[in-house]
Structures are given as C-alpha cells and as structure tokens.
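Me: Please take a close look at the hollow spaces in this model for me. I'm new to it, so start with the general layout and then stay with that one part.

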Amino acid sequence: HFILNQPQVESGYYYISYHSGTKAPFQFVIRSLKHFSVGVMYEYFSFGMYYGMLFIIGIYSFFLYLSFKDKALLFYLGYLFFTGLFSMCHDGLSFQFLWPTMPYLNDYVFIISIMCMTVFLFLYTCFLLELPNKYPWIMKWIFIYIIIRIAMHVVCLIYFPYIRHLLYIDLLPLILSYALAIQCYFKGYKTALYLVIGHSFICVAYALGMLRLFNVIIPSFLNVYSINIAVILDMLLLSLALGRRIRILK
C-alpha cells in the first residue's frame with residue numbers, strides 16, 4: 001500500500017516499477033482513503049471469521065483425537081494446520097504478522113504448505129474410507145509419492161530455483177482423493193458423499209485460481225478468495241463425515 005500525495009491540480013504522473021520472480025497477475029487500483037479503509041475493515045473481519053473457524057474446528061478435532069486416538073483425526077488436524085498456513089501465505093498475512101522482516105520465506109512456506117496440505121487431505125480420505133485395511137498396498141504408494149515430491153522440491157530449489165511452484169504435481173493427491181471418494185460412494189459407502197461434495201468445492205476453487213493466474217478471468221473478490229470459501233465449505237463437510245465416523249467408533 002502506498003499513499004499518493006496528490007497536489008491540488010487536475011492531473012499528475014506517477015511511475016512504478018514492478019518485478020516478480022514468477023508469473024502472476026498484477027492488479028493496480030487507486031482508491032480514496034475512505035474507500036480503502038472501509039474495504040480493509042471488511043476484509044480483515046472476513047479473515048477473522050475464516051481463521052477463527054479453522055481454529056475452533058482444530059481445537060475440537062484435537063480433543064476428539066485425544067479421546068478416540070483415531071488416525072483419521074490426526075491427519076485431519078495436519079490438513080487443518082497446513083491449510084491455515086497456506087491461506088496465510090495466499091492472503092499475505094504470513095509475512096505481515098509471522099515473519100515481517102523475512103518476506104522471502106513466504107515462497108518456501110507456500111510450497112511446503114500446499115504440498116503437505118494435499119498429502120494430509122489424501123491420507124485423511126484414505127483412512128476415513130478405511131482403504132489401508134482394504135488395500136494395504138496403497139500406503140506404500142503414498143509414501144513413495146511423498147519421497148519423490150520432497151526430492152523434486154530439493155532438486156528444484158538447488159538446481160532450478162526459477163521453478164518453484166509445481167502446482168500440477170501437488171494437485172495429484174487432491175485428484176486421487178476425489179476419485180477414491182467417488183468410487184467408494186458408488187460402492188455403497190454413503191459417508192463418501194460428504195467427501196465428494198467437499199472436494200468438489202476445492203477443485204472449483206483451484207480451477208478459478210488457475211484461470212486467474214493465466215489472466216483468463218479478471219481478478220474479483222469471488223475468484224481471489226475462492227480458495228478460502230471452498231476450504232470452509234470443505235471443512236464443514238469433512239467434519240460431518242468425521243462425525244459419522246465417530247458415531248460408528250462409539
């Protein structure tokens with residue numbers, strides 16, 4: 001945010017130099033101080049609601065894990081944590097509040113958080129659908145993927161620093177989770193319906209994000225914060241699925 005000290009004349013000229021290490025859309029807007037203040041107030045209020053819901057769901061899930069010791073709950077907690085970290089990097093709150101003097105950390109934490117977020121979501125889906133008991137070999141491929149993904153991140157960081165965001169690779173666990181949930185639902189496991197609907201919101205949000213990244217659609221409130229909206233809807237549906245599993249455990 002930059003304050004423009006515009007003199008009392010009809011027109012003026014300002015020059016700005018902008019450089020980004022990655023391809024990203026840039027939206028430049030000039031607003032009055034009053035309009036800017038009102039927008040920031042509503043924006044931070046929305047952020048408070050969003051991260052507050054993540055925190056409440058996380059605390060509740062933590063105490064459930066202490067009671068039932070269910071691995072699905074543990075992976076759900078990991079998904080919540082890295083989703084919150086990813087959202088803070090995406091919203092710009094991480095280097096504003098967590099590491100204000102080291103903004104370069106945002107790029108690395110963003111990559112790690114999105115990788116861990118999709119992996120924990122995949123593990124949560126597998127354990128909720130009880131796939132490790134039905135198909136034990138699936139866990140071996142999960143660990144192979146994690147090792148390969150970490151190796152790719154290290155190699156790109158050392159030898160190809162300009163290749164930072166391997167978003168297509170990180171989408172693989174999400175797509176697999178979506179496909180497994182659909183398959184289990186059609187096989188008669190009704191709890192999988194919550195996962196199918198929740199993952200649908202995440203897939204739509206990622207699609208909007210990719211379209212905005214490649215300048216196919218104009219940035220707006222809906223597509224900029226679509227990932228936040230989708231995460232909350234997904235969390236609520238995953239919580240319903242988790243509640244049904246807990247009733248079965250009881």
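**The hollow spaces and their neighbours**

Reply: The protein has 10 helices and 0 strands (DSSP runs numbered from the N terminus: H or I of at least four residues for helices, E of at least two for strands). Read from the N terminus, the elements go α-α-α-α-α-α-α-α-α-α. This is a predicted model, where local features need pLDDT of at least 70 and side-chain atom pairs count only at pLDDT 80 or more, while totals for chains, interfaces and linings use all residues. Residues are numbered from 1 along each chain as its sequence is written, and side-chain values use heavy atoms, leaving out hydrogens and water.

How sure is the predictor? The mean pLDDT (its confidence in each residue, from 0 to 100) is 79, and 89% of the residues reach 70 or more. Among the elements, helix H2 (residues 71–91) has the highest mean, 87, and helix H9 (residues 221–224) the lowest, 71. Of the 250 residues, 38% count as buried (under 20% relative accessible area with a 1.4 Å probe and protein chains only; exposed is over 50%, partly exposed in between).

Now for the closed space. There's 1 cavity of 30 Å³ or more, and the largest cavity has a volume of about 50 Å³. Its lining is Tyr79, Met117, Thr118, Leu121, Leu174, Ile202 and Tyr206. Helix H4 (105–128) and helix H8 (192–213) are the elements that give two or more residues to it, with H4 supplying the largest share, 3 residues. By type, this lining splits into 6 nonpolar, 1 polar and no charged (Ala, Val, Leu, Ile, Met, Phe, Trp, Tyr, Cys and Pro are nonpolar, Asp, Glu, Lys and Arg charged, the others, Gly among them, polar).

A cavity here is a set of points on a 1 Å grid over the protein atoms alone where a 1.4 Å probe fits but cannot get out; a pocket is an open set with protein on both sides within 12 Å along at least five of seven lines, and lining residues have an atom within 4 Å of a point. Points join across faces, edges and corners, and volume is the space filled by probe spheres set on them.

On to an open space: the second largest pocket has a volume of about 320 Å³. It is lined by 17 residues, and Phe122, Leu131, Trp137, Ile138 and Leu180 lie nearest its centre. Helix H5 (131–134), helix H6 (137–159) and helix H7 (167–186) each supply at least two lining residues, and H7 gives the largest share, 6 residues. This lining is made up of 14 nonpolar, 1 polar and 2 charged residues.

Serine 177 is a handy residue to look at next. It sits in helix H7 and is buried, because its relative accessible area is 0%. Leaving out residues up to four places away in sequence, serine 177 touches Leu121, Phe122, Thr125 and His199 (contact means heavy atoms within 4.5 Å). Of these partners, Leu121 lines the largest cavity, while Phe122 is one of the residues nearest the centre of the second largest pocket.

Then there's valine 196, in helix H8. At 14% relative accessibility, valine 196 is buried too. It touches Tyr178, Ala181 and Ile182, again not counting residues up to four places away in sequence. Its C-alpha atom is 9.7 Å from that of glutamine 183, 13 residues apart along the chain.

Terms used. pLDDT is the predictor's confidence in each residue, from 0 to 100.
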